Amino acid sequence: MSRSARHRADAPGPSAPGESTPADPTGLILLGADAAVTCPVRTHNRFDPTVPDPPPDATGSTGWPPGGPPADRRAAMAFRRRILDTLAAMPRAVDLRQMGPDRAGRLRATTRAVAAGRRIIIGPALPPDVTGRRTGEPDAIVLGEPTTAGGHGYDPVLVVRHQVLEQASPLARQRVSSLARNLRLVRLRGATVRHGRGPDLLRLAHYRRILQAAGWASGGPAYGGLIGTDHVRYDRGAATVQPASPRHTPPAAHLALVWADLGARRLRTEARTAQRGWRTHSALARYDHEFGFRRKIALEASERTPATTRAPRVWPIVTAECQSCPWWSHCRRLLADDDLSLRIDKARLGPQEVSLLRSMGIWTITDLAGRNIDDLIGSLHSRLRRPDESARRMRLAARRARMLATGRSVERTTRGPLPLPPEGYAIDLDIETSADDTVYLWGFLVDDPQERSGPRYVSFARFTDLDRAGERRLAHEALAWLDEQLTAHPQARVYHYSDYEVVHIERIARTSGDPVITKVARTHCRTRFFDLFAVVRANFFGVHGLGLKRIAHDGAGFSWRDEDPGGLNSQTWFDEAVHADEAEHRQEEARRVLEYNEDDVRATHALRAWLRTLT
């Protein structure tokens with residue numbers, strides 16, 4: 001893609017009132033809906049002609065492609081397609097998705113549909129807002145109140161594969177439209193839009209601004225709609241939100257289009273001078289501020305040349321977004337190997353905290369390790385938005401910096417023998433779940449002191465897309481085997497790391513009614529299971545946290561066979577093992593998952609052996 005084409009393809013939102021705008025020599029800079037909610041360095045890289053384009057197969061710091069692991073992206077696309085198909089089947093809907101990448105054609109079709117007052121327009125292309133430097137294509141727009149000029153007015157809608165609602169006061173009433181009733185408007189009792197859905201609301205605000213510029217925005221309150229995975233139940237004309245797994249989608253009949261008032265002051269922003277430590281803003285106001293900053297960055301970046309000597313307005317700071325950012329390799333080259341935001345990857349300092357430390361000449365772990373942290377916090381106190389929280393985080397960062405500077409990654413915080421069960425017959429347990437949180441693999445390591453050949457790996461797996469019934473059948477098979485082992489060896493213990501396995505056993509027991517699974521959940525989990533993480537958490541401090549991968553490697557010296565072990569990666573391998581076109585590739589990915597799971601239980605075994613050596 002040429003640099004000019006890339007400028008046309010990207011697009012965020014509006015500018016702050018009265019903000020001066022640098023000259024735009026190309027006239028092509030338009031920003032999309034993601035700009036206001038993503039890293040400003042990302043915006044700079046997109047428009048700086050001196051920054052090379054990322055390769056087509058670029059991945060982020062964890063090896064994820066843009067959009068996250070393939071399994072998650074595939075599940076999100078399938079959910080979005082199912083919801084939009086439901087909307088397309090409703091009266092007076094028009095579906096423009098079949099027009100594909102023909103944006104000009106879809107824009108003409110959208111214009112005709114708006115003029116005709118079609119109730120739902122799916123896959124629309126909105127007119128570019130050249131003055132505001134915005135472009136965008138929401139999942140749908142829905143007919144609302146007439147525009148201020150009396151024409152057909154529309155509200156933007158996005159499909160998101162996560163929960164949108166949270167419990168609120170019983171007196172609260174949330175405006176929603178039922179998918180089961182052709183978007184009939186209802187009032188949902190005791191619920192409101194989650195406070196953590198600010199990024200969704202800012203994207204909706206972006207589309208609202210484009211609709212306003214086109215003269216298509218509905219009159220009255222500035223609504224934007226979100227269709228998520230919330231389970232809404234209707235009873236006697238009233239609607240309530242039901243508890244549901246965040247990873248499993250209820251039937252379409254129990255989904256709803258949640259309307260958020262983008263003009264309501266509901267988003268919190270940290271503010272050092274505010275009495276409560278924060279101020280509230282509307283989604284539109286917050287969006288205008290964030291977009292205005294990105295727009296200025298984009299325009300300034302577009303003017304850079306190889307002869308430019310002035311430093312960019314923004315400089316890379318490592319955040320969670322880097323995990324799947326296609327610009328990661330470029331930003332990484334700009335960071336020193338011991339950059340503070342790069343090396344301290346657990347309980348990271350926020351971008352504002354990193355920026356303040358850099359302003360004090362502290363860019364690396366060596367810089368931080370060599371400074372008196374109390375003096376440093378004192379000098380920065382008046383500039384911190386949340387002084388107490390930032391001070392706590394900076395002290396933790398300084399501790400990690402000192403450990404890294406001396407080559408240590410794990411530190412014992414207590415003395416004496418650790419509280420572990422007696423040695424004897426033991427079983428190490430680890431499960432693997434798919435992207436939708438379904439358990440498809442139960443892995444066990446049987447450590448029988450009487451077996452000279454050493455511990456043996458036992459697994460129960462299904463490399464297929466399991467529904468809940470299939471998950472229960474597999475769980476019954478695995479836990480029936482475990483029950484037999486524990487019955488035959490009354491002193492045996494089952495070791496695991498964190499409560500992940502127990503949580504899933506209890507969940508399956510609650511929903512299955514299976515007596516074997518229920519027995520394991522109600523009896524064995526409470527009396528025979530032992531969580532090693534609880535011991536580690538109470539007795540150790542880790543530079544990179546205390547996850548099994550870190551503590552087993554840095555403490556016990558255990559190494560995984562796979563070069564890139566991790567739970568999210570294993571979900572991608574499982575997805576390939578189930579859906580890859582070639583049988584040989586499916587078999588290879590299944591083998592990879594099994595080896596990874598076996599290494600996990602062997603890591604638990606190695607960890608408890610190491611813990612027993614400590615006094």
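The expected span of a helix is 1.5 Å times one less than its number of residues. In this predicted model, the rule can be applied to helix H5, which covers residues 198–214. Its 17 residues should span 24 Å at 1.5 Å a residue, and the end C-alpha atoms are 24 Å apart, so the expected and computed values agree. H5 is mostly covered, with twelve of its 17 residues buried. The buried residues comprise Gly198, Asp200, Leu201, Leu202, Leu204, Ala205, His206, Tyr207, Arg208, Arg209, Ile210 and Leu211. Just after H5 comes glycine 215, which has a positive phi of about 75 degrees.

A glycine with positive phi also follows helix H9: this is glycine 361, with phi near 85 degrees. Helix H9 itself runs over residues 351–359, and its buried residues are Glu353, Val354, Leu356, Leu357 and Arg358. The cover over these buried residues includes helix H8 (340–343), helix H11 (373–380) and helix H12 (387–405).

Positive phi values were also examined outside glycine. Most residues other than glycine have a negative phi. Leucine 183 has a positive phi, near 65 degrees. Leucine 183 is placed in the loop that joins strand S6 (173–178) to strand S7 (184–189). The relative accessibility of leucine 183 is 6%, so this residue counts as buried, the cut-off being under 20%. Serine 498, likewise not a glycine, has a positive phi of about 80 degrees. Serine 498 belongs to the loop between strand S19 (493–496) and helix H14 (500–512). With a relative accessibility of 22%, serine 498 counts as partly exposed.

The nonpolar interior was considered next. In soluble globular proteins, nonpolar side chains tend to be buried together. The largest nonpolar core of the model holds 58 residues, and the members that touch the most others are Trp442, Phe444, Leu482, Phe529, Leu607 and Leu611. For phenylalanine 444, contacts beyond four places in sequence are made with Ile427, Asp428, Leu429, Arg456, Tyr457, Val458, Phe460, Ala478, Trp481, Leu482 and Val601. A second core, separate from the largest, consists of 51 residues, among them Ile29, Leu31, Tyr234 and Ala298.

Two residues of helix H19 (583–612) were examined individually, beginning with aspartate 599. Aspartate 599 has a relative accessible area of 5% and is therefore buried. When residues up to four places away in sequence are not counted, aspartate 599 touches Phe558, Trp560, Arg561 and Asp562. Arginine 602 is also placed in H19. The relative accessible area of arginine 602 is 27%, so this residue is partly exposed. Outside its neighbours within four places in sequence, arginine 602 is in contact with Leu445, Pro455, Arg456, Tyr457 and Phe558. Arginine 602 and arginine 265 are 337 residues apart along the chain, and their C-alpha atoms are separated by 52 Å.

Enclosed space was also examined. Rolling a probe the size of a water molecule over the atoms shows where empty space is left. The model has three cavities of 30 Å³ or more. The volume of the largest cavity is about 140 Å³. This largest cavity is lined by 15 residues, of which Cys39, Ile317, Cys322, Cys325 and Cys331 are the closest to its centre. Helix H2 (40–47) and helix H7 (328–334) are the elements that give two or more residues to the lining. H2 supplies the largest share, three residues. By residue class, the lining of the largest cavity consists of eleven nonpolar, two polar and two charged residues.

Serine 324 is located in the loop between helix H6 (283–302) and H7. Serine 324 is buried because its relative accessible area, 18%, is under 20%. Leaving out its neighbours within four places in sequence, the contacts of serine 324 are Gly60, Trp64, Pro65, Pro66, Gly67 and Gly68.

How values were computed. Residues numbered from 1 in each chain as written. Predicted model: local features only at pLDDT ≥ 70, side-chain atom pairs only at ≥ 80, totals over all residues. Heavy atoms only, no water. Core = buried A, V, L, I, M, F, W, Y, C linked by side-chain atoms within 4.5 Å. Buried < 20%, exposed > 50% of the residue type's maximum accessible area, 1.4 Å probe, protein only. Contact = heavy atoms within 4.5 Å. 1 Å grid on protein atoms, 1.4 Å probe; cavity = no way out; pocket = protein on both sides within 12 Å on 5 of 7 lines; lining within 4 Å. Points joined across faces, edges and corners; volume = space filled by probe spheres on them. Helix = DSSP H or I, 4+ residues; strand = E, 2+ residues; numbered from the N terminus. Nonpolar A, V, L, I, M, F, W, Y, C, P; charged D, E, K, R; others polar.
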